[in-house]
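Open your viewer, pick a cartoon view with side chains on demand, and let's walk through this model together. At each stop you will get something to select and a note on what is there.

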Amino acid sequence: MASNLRHPDLKKFKFRELKVYASTEWLADNKKKYRQVFDRWEATYIYAELSFYNKFFEREDWDVEVELRCYSLKKTTQKELCLLPFKRKVSKYDNIVYIREGWGNKAGGVFWKKGTYFWEASIEGEKVASKYFYIEDAGEDAFETGNPYLQLQSLRLYEGSYDDVMDGERIYYEVFDSNETRYIYAEILLKNLHADTSWQCEFFVKFYNDAKELKGQVVRLQKIEQKDDLFKLTAGWGSNVKGSWRKDKYTCELVFMDRLLAIMPFEVGEEFVTGTNPVYLPDRHAPVYFSSPEDLNETFEDLMAHLDRLVGLPEIKHQVRNHAKYIQFLQLRKDLGFEEKDSINVHSVFIGNPGTGKTTVASMMGRLYRKMGLLSSGHVHVVDRVDLVGEYIGQTAPKVKEAIERARGGVLFIDEAYALARSNEDSKDFGREVIEILMKEMSDGPGDLAVIVAGYPQEMKKFLASNPGLNSRFKHHFEFPDYLPQELSQIAAIAAQQMEVKITSEAILRLDEIIVNAYRDRDRSFGNARFIFDLIEKAKVNLGLRVMRESNPMGLEKTMLETIILDDVAGIDTKPRKELPYIPIDEELLHESMDELNRLIGLDKVKEQIIEHVRLVRYYRETNRDVLNSFYLHTVLIGNPGTGKTTIARILTKIYKALGILERGHMVETDRHGLVAGFVGQTAIKTTEKIEEAMGGVLFIDEAYSLTLKSQSGNDFGDEAVQTILKRMEDNRGRFFVFVAGYPDNMEAFLKANPGLSSRFDKVLKFDDYSANELFKIALVMLEEKGIVPAPEAEEHLQNYYAFLYEYRDKFFGNARIVRQSVIEAVKNQNLRLAALTPDERENVSSNILILEDVAGFKLDTSGFIFNRKGIGFRRSGE
């Protein structure tokens with residue numbers, strides 16, 4: 001009878017599962033936190049969960065006998081730790097029956113020791129299952145200072161079939177194609193921190209959708225050998241049928257010993273996008289970007305060899321190698337018991353023009369520091385002022401801290417760092433806040449960070465001088481020179497190889513000519529390697545256009561599709577010029593403008609120059625000669641205040657518009673304040689905005705000499721504006737003109753301040769002071785505009801007064817401005833005189849006549865001058 005009860009068809013149960021857990025916390029769906037690996041010092045009770053199906057469900061209640069035994073396993077022997085027998089009544093309402101019981105001690109580290117164990121379950125005297133679990137020992141309180149077992153080095157996602165993808169054939173994605181994706185695999189690279197013994201690693205890889213619903217979970221149990229410095233795990237979820245992943249946002253989460261290790265967000269969308277997403281770690285406020293796992297296998301010698309393979313930079317290579325050797329020396333001293341008071345400084349200043357290899361060397365420095373144990377990942381996070389400085393109060397600090405956390409473990413590379421340092425007089429710039437946060441981080445921060453600041457030589461010196469503490473934080477200075485022509489040619493060969501093209505010997509010779517010419521004409525904005533890559537890219541484009549002009553491009557041989565010939569290079573225009581519009585001469589506007597010029601009082605020499613210039617330009621237009629390449633048409637207007645410089649500039653702009661050499665013909669008026677910002681870097685932006693506004697017209701810069709004057713703080717921000725203007729004058733020749741105006745002595749110094757200035761301005765208009773008679777005529781015109789006619793006595797007094805002012809004028813003489821001031825004063829006196837009369841008296845007096853009484857206050861006496869010299873000031877007697 002007993003034997004009949006054991007027949008499968010007569011059993012009242014069917015075994016379901018045997019699981020192990022330690023936490024008594026309840027989860028959804030009557031589940032526990034099932035695991036197989038536990039830390040000794042955290043393990044109190046280890047539980048077994050036996051579950052089986054009730055075959056008498058909804059039929060009748062019945063009794064079951066269950067035994068749970070726990071064993072420790074040592075090599076080939078096993079020792080029973082406990083026997084737990086149970087008699088339970090199974091309800092007919094329970095489809096699945098759970099038996100849970102544990103063994104151990106309420107104090108962690110007391111009962112369980114490092115080793116291998118297993119639970120064994122029997123139902124009704126029949127052994128139904130065994131489940132192994134493992135106790136590992138990393139030391140008491142080891143988790144208080146971090147994970148003592150492992151450290152995440154890399155996490156990447158790839159797509160594949162159920163059988164996985166071989167290492168080396170994997171393509172890593174940020175976004176997956178919903179129509180083509182089968183399994184999404186996580187490739188996890190870990191560093192073994194518990195390398196003094198072999199141990200069991202249990203890893204949970206969980207995939208969640210955007211609603212935080214569990215898409216799938218994979219558990220990996222792997223024995224880590226003592227010799228394993230790095231070990232890799234892969235785990236995937238999906239289906240061999242494409243389309244099992246729907247369009248959505250997902251996360252891949254890694255859990256180890258009941259602790260969240262990392263989260264990587266990813267997306268399933270329209271198509272695949274290669275790359276690696278950032279990883280979020282529990283102890284970091286910002287995402288982490290890991291270095292490529294391939295870099296982790298590099299030795300110190302590999303890194304130095306990679307450095308040596310870089311084109312040029314002999315001094316940088318020597319400096320980096322010495323820096324690395326010195327760090328090794330300090331580490332050797334530390335290993336031998338020497339106490340170094342200061343930690344190893346890894347913060348650097350990179351000085352050089354664009355494209356000189358600064359970012360490349362920064363990446364190598366990060367990998368070098370990681371290899372030497374100074375950084376945990378060695379990645380490079382590149383930022384500039386825009387990424388760090390907020391627009392409003394309170395925005396800057398969070399942006400800086402986010403950038404720091406994203407760079408934590410690697411290098412924070414701050415390009416054009418000088419833009420953070422404004423004038424010391426400007427206390428409202430948030431860039432100063434960035435500097436203060438960075439200094440605090442470098443001094444008192446948690447470490448695991450190298451800060452590299454980069455920029456132009458002169459500006460970086462001022463940046464370091466902007467705060468007394470900056471120099472002391474950056475111990476290492478690297479100067480990157482421009483590449484030599486022969487080095488640029490080597491870079492061109494590398495660029496061609498990367499773009500998978502070959503260059504004929506004739507084309508190489510032409511490329512070398514272009515490189516040498518570009519090198520000779522370079523300024524500090526010269527792109528170096530960037531210029532070369534752009535050059536090869538243009539040659540490749542010309543190759544493609546030439547091939548597609550063939551009658552049957554699909555039938556060409558492979559060599560025809562990869563070979564750049566001389567014609568492809570000869571067609572490159574390194575300084576492309578925008579074709580200018582042909583606009584016919586507007587005779588009506590020209591006549592109107594010239595009439596306006598001729599109506600001006602005085603300025604005979606200036607008028608003569610303009611009339612001659614108009615004749616010459618008209619002749620060139622009528623004979624179809626190139627006006628814009630024959631003349632710069634950029635103009636200098638030199639003269640004392642009030643001599644009509646701005647008026648002439650406006651008329652000249654209208655004349656150029658009438659002649660068809662200006663597209664829009666407007667004039668944008670500005671001065672130093674409109675061009676110069678409070679810090680280097682933003683000045684170029686501000687100046688460029690003004691130039692863009694003036695495109696098709698004239699940029700008129702009043703008191704232009706102030707751009708080359710040094711400010712009290714010693715900053716030459718105006719020079720940056722000058723450099724920007726000069727470059728745009730050359731790059732956008734004919735698209736706009738620049739008029740600069742100022743006083744004679746100052747403008748002479750301005751033109752001599754920069755060699756490029758005098759060569760760009762080929763037209764100079766000198767404005768002499770108005771004569772006494774011209775000043776009087778100007779006064780009459782101004783009075784006429786106000787409807788006022790001077791009486792003969794008043795007219796005579798005004799004429800004598802202007803003659804007196806002209807005789808005692810100096811270089812500050814105000815010319816027409818003095819006249820305007822005196823006319824305003826005279827009209828005011830006339831109005832006051834009329835206001836003092838009664839209405840009846842006023843009827844007998846002309847309201848538009850200026851009499852001698854109105855101008856009598858203008859004394860022909862030097863004692864009335866405000867300044868004790870021949871000058872521009874005057875005052876009425878009695879004041």
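Leaving aside its neighbours within four places in sequence, which residues is Leu368 in contact with? Select Leu368 and look around: beyond those neighbours, the contacts are Phe300, Leu303, Met304, Val320 and Ala324. Keep in mind as you go that this is a predicted model.

**Stop 1: the cores**

Leu368 is a good place to start, since it belongs to the largest nonpolar core, a set of 54 residues. Leu368 is among the residues with the most contacts inside that core, together with Val320, Phe350, Val361, Leu488, Ile536 and Val569. Now colour helix H13, residues 529-548: with eight residues, H13 gives this core its largest share. Another core lies apart from this one; it has 53 residues, including Ile651, Tyr656, Leu765 and Ile818. Try giving the two sets separate colours.

**Stop 2: a sheet of three strands**

Next, go to the strands S1, S3 and S6. They form an open sheet in the order S1-S3-S6, and the pairing is antiparallel. Strand S1 (13-21) and strand S6 (96-104) are the edges, each pairing on one side only. On average, neighbouring strands here are turned by 15° against each other, direction ignored. Zoom in on S1 and on strand S3, residues 45-54: eight bridges join this antiparallel pair. For a landmark, select Leu18, which stands opposite Leu50 in S3.

**Stop 3: a sheet of five strands**

Move along to the strands S25 to S29, where the pairing is parallel. This open sheet has the order S26-S27-S28-S25-S29. Its edge strands are S26 (667-670) and S29 (763-767), each with pairing on one side only. From one strand to the next, the twist averages 15°.

You can cross this sheet pair by pair:

- S26 and S27 run parallel and are joined by four bridges; Thr670 stands opposite Ile701 in S27.
- S27 and strand S28 (residues 737-742) are also parallel, with four bridges; here Phe700 stands opposite Phe739 in S28.
- Strand S25 (residues 635-639) and S29 share five bridges and run parallel; Gly639 has Phe767 in S29 as its bridge partner.

Pause on S27, residues 698-701, and show its side chains. In a regular strand, side chains alternate between the two faces of the sheet. Val698 and Phe700 lie on one side of S27, Leu699 and Ile701 on the other, and all of them are buried, so both faces are covered.

**Stop 4: two helices**

Select helix H22, residues 744-753. Which of its residues are buried? Met747, Phe750 and Leu751 are. Looking down the axis of H22, you will find that its buried residues fall within an arc of 95°, so they line one face of the helix. Turn to the face pointing away from that buried side and you meet the exposed residues Asp745 and Lys752.

Finish with helix H21, residues 717-731, and try a quick distance check. At 1.5 Å a residue, its 15 residues should span 21 Å, and its end C-alpha atoms are 22 Å apart, which agrees. Before you leave, select the buried residues of H21: Phe717, Gly718, Glu720, Ala721, Val722, Thr724, Ile725, Leu726, Arg728 and Met729. Glu720 and Arg728 are worth a click in that list, as both are buried in this helix.

Terms used. Residues numbered from 1 in each chain as written. Predicted model: local features only at pLDDT ≥ 70, side-chain atom pairs only at ≥ 80, totals over all residues. Heavy atoms only, no water. Pairing = 2+ DSSP bridges. Helix = DSSP H or I, 4+ residues; strand = E, 2+ residues; numbered from the N terminus. Axes fitted to C-alpha atoms, helices over the stretch in contact; angles between N-to-C directions. Expected span 1.5 Å × (residues − 1). Buried < 20%, exposed > 50% of the residue type's maximum accessible area, 1.4 Å probe, protein only. Core = buried A, V, L, I, M, F, W, Y, C linked by side-chain atoms within 4.5 Å. Contact = heavy atoms within 4.5 Å. Arc of directions from axis to C-beta.
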